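Hi,

Here is the structure I promised to pass on. Have a look at it first, and my notes follow underneath.

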Amino acid sequence: VLKAKRDKYAYLRMSVSQKDPTLLYKFQSIFKVGNVYHNKRNMSSWDCYRKEDVLFVLDSLFPYISDQKKAQALKAIQYVKEHSKP
């Protein structure tokens with residue numbers, strides 16, 4: 001969950017990072033959302049910012065993630081529902 005300093009609203013963001021971008025591009029091709037970025041430290045990340053896209057990916061992955069990640073996802077979704085733009 002992101003919350004802009006100047007803004008009273010929260011936003012969902014999903015990110016997966018690793019050194020080898022191959023799996024990140026595969027992840028992107030499966031879900032057809034988000035973008036893969038590369039930084040100067042030889043790391044890559046798949047990032048997704050659109051609320052609908054993040055919810056789609058979370059819904060798709062939910063049965064396969066750990067209980068801890070499920071709890072984090074549910075908490076983030078609830079927070080954004082309470083603090084998103086009307």
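**What I found**

Let me start with D53: setting aside neighbours within four places in sequence, D53 is in contact with V33 and C48. Keep in mind throughout that this is a predicted model. D53 sits in helix 2, which covers residues 51–61. Is D53 buried or exposed? D53 counts as buried because its relative accessible area is 14%, and the cut-off for buried is under 20%.

Both partners of D53, V33 and C48, turn up again in the core. The largest nonpolar core has 17 residues, and those with the most contacts inside it are M14, V33, W46, C48, V54, V57 and L58. Which elements each supply at least two residues of this core? They are helix 1 (22–31), strand 5, helix 2 and helix 3 (67–83). Helix 3 gives the largest share, four residues.

V57 is a good place to look into that core. Again leaving out neighbours within four places in sequence, V57 is in contact with M14, F27, F31, V33 and W46. Of these partners, M14, V33 and W46 are also on the list of core residues with the most contacts. V33 is worth clicking on, too: V33 is in contact with D53 and with V57.

**Over to N39**

N39 is in the loop that runs between strand 4 (35–38) and strand 5 (44–48). N39 is classed as partly exposed because its relative accessible area of 37% falls between the 20% and 50% cut-offs. What does the side chain of N39 reach? The backbone nitrogen of R41, at 2.9 Å. If you want another pair to look at, take N39 and K19: they are 20 residues apart in sequence, with their C-alpha atoms 9.9 Å apart in space.

**The chain as a whole**

Stepping back, the protein chain has three helices and five strands. Read from the N terminus, the order is β-β-β-α-β-β-α-α. Of the 86 residues in the chain, 26% are buried, and D53 is one of the buried residues. The accessible surface comes to about 6600 Å², with 55% of that belonging to carbon and sulfur atoms.

One last number concerns contacts between residues at least 6 apart in sequence: 52% of them join residues at least 24 apart.

Cheers

Terms used: Residues numbered from 1 in each chain as written. Predicted model: local features only at pLDDT ≥ 70, side-chain atom pairs only at ≥ 80, totals over all residues. Heavy atoms only, no water. Buried < 20%, exposed > 50% of the residue type's maximum accessible area, 1.4 Å probe, protein only. Contact = heavy atoms within 4.5 Å. Polar contact = N/O pair within 3.5 Å; in protein donor to acceptor, adjacent residues only side chain to side chain. Core = buried A, V, L, I, M, F, W, Y, C linked by side-chain atoms within 4.5 Å. Areas by Shrake-Rupley, 256 points an atom, 1.4 Å probe, with all protein chains shown as cover.
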